[in-house]
Amino acid sequence: MLSIDYIKNLVIVSIVLSTITCSFIQKTKILFKTNKFLIIYSLIVNIIFSFIFCYSFTNIQFPTSLWTGLFSFIGADTIYKSLEGRLSTHKELRKKKNHNE
């Protein structure tokens with residue numbers, strides 16, 4: 001039987017996690033020369049952070065924490081799109097870094 005309450009709990013954890021990962025990715029994406037791999041990087045970061053977050057702060061076990069990572073990946077993308085225009089793009093960050101050097 002499908003447990004709606006459990007899915008709600010996963011989504012709540014994913015919402016918190018997606019705000020954290022969105023900020024982390026925003027600050028670390030300047031390390032890439034191109035934005036070609038940012039989607040894959042974002043997915044990997046969300047999966048790793050979800051495992052660590054779920055292990056540290058919840059009773060969600062390993063296989064289920066992968067779902068939390070996937071939900072937070074989707075949610076972080078939504079947060080990023082809602083903040084579009086307020087966050088710097090990869091190209092702008094690279095230009096700024098090159099001017100400072």
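What share of the contacts in the chain with a separation of 6 or more comes from residues 24 or more positions apart? In this predicted model, such residues account for 70% of those contacts, and the views below follow some of the places where helices and individual residues meet.

**Figure 1. The whole chain, a predicted model with four helices and zero strands.** Read along the sequence, the elements follow the pattern α-α-α-α. Of the 101 residues in the chain, 30% are buried. The surface that the chain exposes comes to about 7,300 Å², and carbon and sulfur atoms supply 67% of this area.

**Figure 2. The crossing of helix H1 (residues 4-28) with helix H2 (residues 38-57).** Two packed helices are described by the angle between their axes and the distance between the axes. Here the axes of H1 and H2 come within 10 Å and cross at roughly 130 degrees, and the two helices are therefore oblique to each other. The crossing in which H1 passes H2 is right-handed. From H1, the residues that take part in the contact are Val-13, Val-16, Leu-17, Ile-20, Thr-21, Phe-24, Ile-25 and Thr-28, and they meet Tyr-41, Ser-42, Val-45, Asn-46, Phe-49, Ser-50, Phe-53 and Cys-54 in H2. Sorted by character, the residues of this contact divide into 11 nonpolar, five polar and no charged.

**Figure 3. The surroundings of Thr-21, a residue of helix H1.** Thr-21 has a relative accessible area of 0% and is therefore buried, since the cut-off for that class is under 20%. When residues up to four places away in sequence are not counted, Thr-21 touches Val-45, Asn-46, Phe-49 and Ala-76. Among these partners, Val-45, Asn-46 and Phe-49 also appear on the H2 side of the contact between H1 and H2.

**Figure 4. Ser-72 in helix H3 (residues 62-82) and its partners from elsewhere in the sequence.** The relative accessibility of Ser-72 is 0%, so this serine counts as buried. Ser-72 and Ser-14 are 58 residues apart along the chain, yet their C-alpha atoms are separated by 4.5 Å. Leaving aside neighbours within four places in sequence, Ser-72 is in contact with Ser-14, Leu-17, Ser-18 and Asn-46. Of these, Leu-17 belongs to the H1 side and Asn-46 to the H2 side of the contact shown in Figure 2.

**Figure 5. Tyr-6 in helix H1, viewed together with Ile-60 and Thr-64.** Tyr-6 has a relative accessible area of 36% and is partly exposed, because this value lies between the 20% and 50% cut-offs. Once its neighbours within four places in sequence are left aside, Tyr-6 is in contact with Ile-60 and Thr-64. Between Tyr-6 and Ile-60, which are 54 residues apart along the chain, the C-alpha separation is 9.8 Å.

**Figure 6. Tyr-55 in helix H2 and its spacing from Ser-65.** With a relative accessibility of 67%, Tyr-55 counts as exposed, whereas Thr-21 of Figure 3 is buried. Tyr-55 and Ser-65 lie 10 residues apart in sequence, and the distance between them in space, taken from C-alpha to C-alpha, is 8.4 Å.

Technical notes:
Residues are numbered from 1 along each chain as its sequence is written. This is a predicted model: local features need pLDDT of at least 70, side-chain atom pairs count only at pLDDT 80 or more; totals for chains, interfaces and linings use all residues. Side-chain values use heavy atoms; hydrogens and water are left out. Axes are lines fitted to C-alpha atoms, for helices over the stretch in contact, and angles run from 0 to 180 degrees between N-to-C directions. Angles under 35 degrees count as roughly parallel, over 145 as roughly antiparallel, 65 to 115 as roughly perpendicular and the rest as oblique. A crossing is left-handed if the near helix is turned anticlockwise from the far one by less than a right angle, and right-handed if clockwise. Contact means heavy atoms within 4.5 Å. Ala, Val, Leu, Ile, Met, Phe, Trp, Tyr, Cys and Pro count as nonpolar, Asp, Glu, Lys and Arg as charged, and the others, Gly among them, as polar. Buried means under 20% relative accessible area, exposed over 50%, partly exposed in between (1.4 Å probe, protein chains only). Accessible areas come from the Shrake-Rupley method with a 1.4 Å probe; for residues, only the protein chains shown count as cover.
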